[in-house]
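Biologist: Hi! Could you pull up the model so we can walk through it together?
Modeller: Sure, here it comes.

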Amino acid sequence: MGQTWEDLLFAHWRVDADALRPLVPDALRLQTHDGAAWLGITPFRISALRLRGTLPLPRVSSFLELNVRTYVTAGGKPGIWFFSLDASSQLAVEAARRTYKLPHFRARISADRRDEWIEFDCSRADSRSAPHVFSAHYRPSGDELAAQPGSLEAFLTERYCLYAVDDRGRLHRAEIHHSPWPLRPAEARIELNTMAPEGIELPDEQPLLHFAAVQDVVIWPLRPV
């Protein structure tokens, strides 16, 4: 499928690898950078969602999403492991759960632009335990930068597959293609954030922040690893 990601914030926290590792399937190796694991929260808008060879459908192909992720490898190939994906579209949630075996959840999400600032609010609709909420204002705050190979920025963003596990515990991979990220430094005021996976406490410090205005993406179907 093809889709476009808009007004995306990468917010990353350094977290304890020993605490995060049990939350990742045994078939995957948790990746660290300079000895630290990283948890990312990424609010953004999806637009122009379409299957290969088709056109986007009005009202169906655009919605808001917030992902919680970390970084892993399997067979030496770096990729993304999603702890959760909250979306404002029930159709997108159901389709992603069936076709990509991802932990998608229906959420009430709004994103409003105030000059350069984006006001993003997300509240999971079907949370059965503690509330899962994210509320923040964010904006770009510098010139575009190129993530150099081996840098922390490249480690956190330049990943070209996702991993998922099916109902039988079998590992799958979906290849992802896009141009290098057009990253810019960002600033954010995060008023509320309870999106971290259970058992993970985010440090009481400002996360590492990057912004990307737009990114066109192609995602292939899942394949067994």
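Modeller: Let me start with Asp115, which is exposed because its relative accessible area is 74%, over the 50% cut-off. Keep in mind that this is a predicted model.

Biologist: Thanks! Where is Asp115 placed?
Modeller: Asp115 is in the loop between S6 and S7.

Biologist: And what about phi of Asp115?
Modeller: Asp115 has a positive phi of about 60°, although it is not a glycine.

Biologist: Which residue other than glycine has a phi near 55°?
Modeller: That would be Ala48, where phi is positive too. Ala48 sits in strand S3, residues 37-50. With a relative accessible area of 25%, Ala48 is partly exposed.

Biologist: Switching to charges. How many salt bridges does a search of the whole structure find?
Modeller: The search finds 7 salt bridges. One of them joins the side chains of Asp7 and Arg113, at 2.7 Å from N to O. Asp7 is in strand S1 (residues 2-15) and Arg113 is in strand S6 (residues 104-114), so this pair links distant parts of the chain, 106 residues apart.

Biologist: Nice. Are Asp7 and Arg113 buried or exposed?
Modeller: Neither label fits. Asp7 counts as partly exposed at 22% relative accessibility, and Arg113 is partly exposed with a relative accessible area of 47%.

Biologist: Which side chain does Lys77 meet in a salt bridge?
Modeller: Lys77 meets the side chain of Glu175, with an N to O distance of 3.5 Å. Because Lys77 lies in strand S5 and Glu175 in strand S10 (residues 171-177), the pair ties together parts that are 98 residues apart in sequence.

Biologist: How accessible are Lys77 and Glu175?
Modeller: Lys77 is partly exposed, at 27% relative accessibility. Glu175 is partly exposed as well, with a relative accessible area of 32%.

Biologist: What does Arg124 form a salt bridge with?
Modeller: Its partner is Asp86, and the closest N and O atoms are 2.8 Å apart. Arg124 lies in strand S7 (residues 117-124) and Asp86 in strand S5, so this salt bridge ties together parts 38 residues apart in sequence.

Biologist: Is that pair, Arg124 and Asp86, buried or exposed?
Modeller: Both Arg124 and Asp86 are buried. For Asp86 the relative accessibility is 0%, and anything under 20% counts as buried.

Biologist: What else does Asp86 touch?
Modeller: Setting aside residues up to four places away in sequence, Asp86 touches Leu64, Glu65, Leu66, Phe105, Ala107, Ile109, Cys122, Arg124 and Met195. Asp86 itself is in strand S5, which covers residues 77-87.

Biologist: Let's talk pockets. What volume does the second largest pocket have?
Modeller: About 260 Å³. The second largest pocket is lined by 15 residues, and the closest to its centre are His132, Met195, Ala196, Pro197 and Glu198. Met195 is also among the residues that Asp86 touches.

Biologist: How does the lining of that second largest pocket split by class?
Modeller: The lining has 8 nonpolar, 5 polar and 2 charged residues.

Biologist: New topic: where is Leu145 found?
Modeller: Leu145 is in the loop between strand S8 (133-140) and helix H3 (152-157). At 27% relative accessibility, Leu145 counts as partly exposed.

Biologist: Which residues is Leu145 in contact with?
Modeller: Leaving aside neighbours within four places in sequence, Leu145 is in contact with Glu153, Trp181, Leu183 and Pro185. As for Pro182, its C-alpha atom is separated from that of Leu145 by 7.0 Å, and these two residues are 37 residues apart along the chain.

Biologist: What does Val214 touch?
Modeller: Not counting residues up to four places away in sequence, Val214 touches Thr4, Trp5, Glu6 and Pro182. Val214 is found in strand S12, residues 208-219.

Biologist: How far apart in space are Val214 and Glu187?
Modeller: From C-alpha to C-alpha, Val214 and Glu187 are 17 Å apart, with their positions 27 residues apart in sequence as the spacing.

Biologist: Last one: how accessible is Val214?
Modeller: Val214 has 44% relative accessibility, so Val214 counts as partly exposed.

Note on methods: Residues numbered from 1 in each chain as written. Predicted model: local features only at pLDDT ≥ 70, side-chain atom pairs only at ≥ 80, totals over all residues. Heavy atoms only, no water. 1 Å grid on protein atoms, 1.4 Å probe; cavity = no way out; pocket = protein on both sides within 12 Å on 5 of 7 lines; lining within 4 Å. Points joined across faces, edges and corners; volume = space filled by probe spheres on them. Nonpolar A, V, L, I, M, F, W, Y, C, P; charged D, E, K, R; others polar. Helix = DSSP H or I, 4+ residues; strand = E, 2+ residues; numbered from the N terminus. Buried < 20%, exposed > 50% of the residue type's maximum accessible area, 1.4 Å probe, protein only. Contact = heavy atoms within 4.5 Å. Salt bridge = Lys/Arg side-chain N within 4 Å of Asp/Glu carboxyl O.
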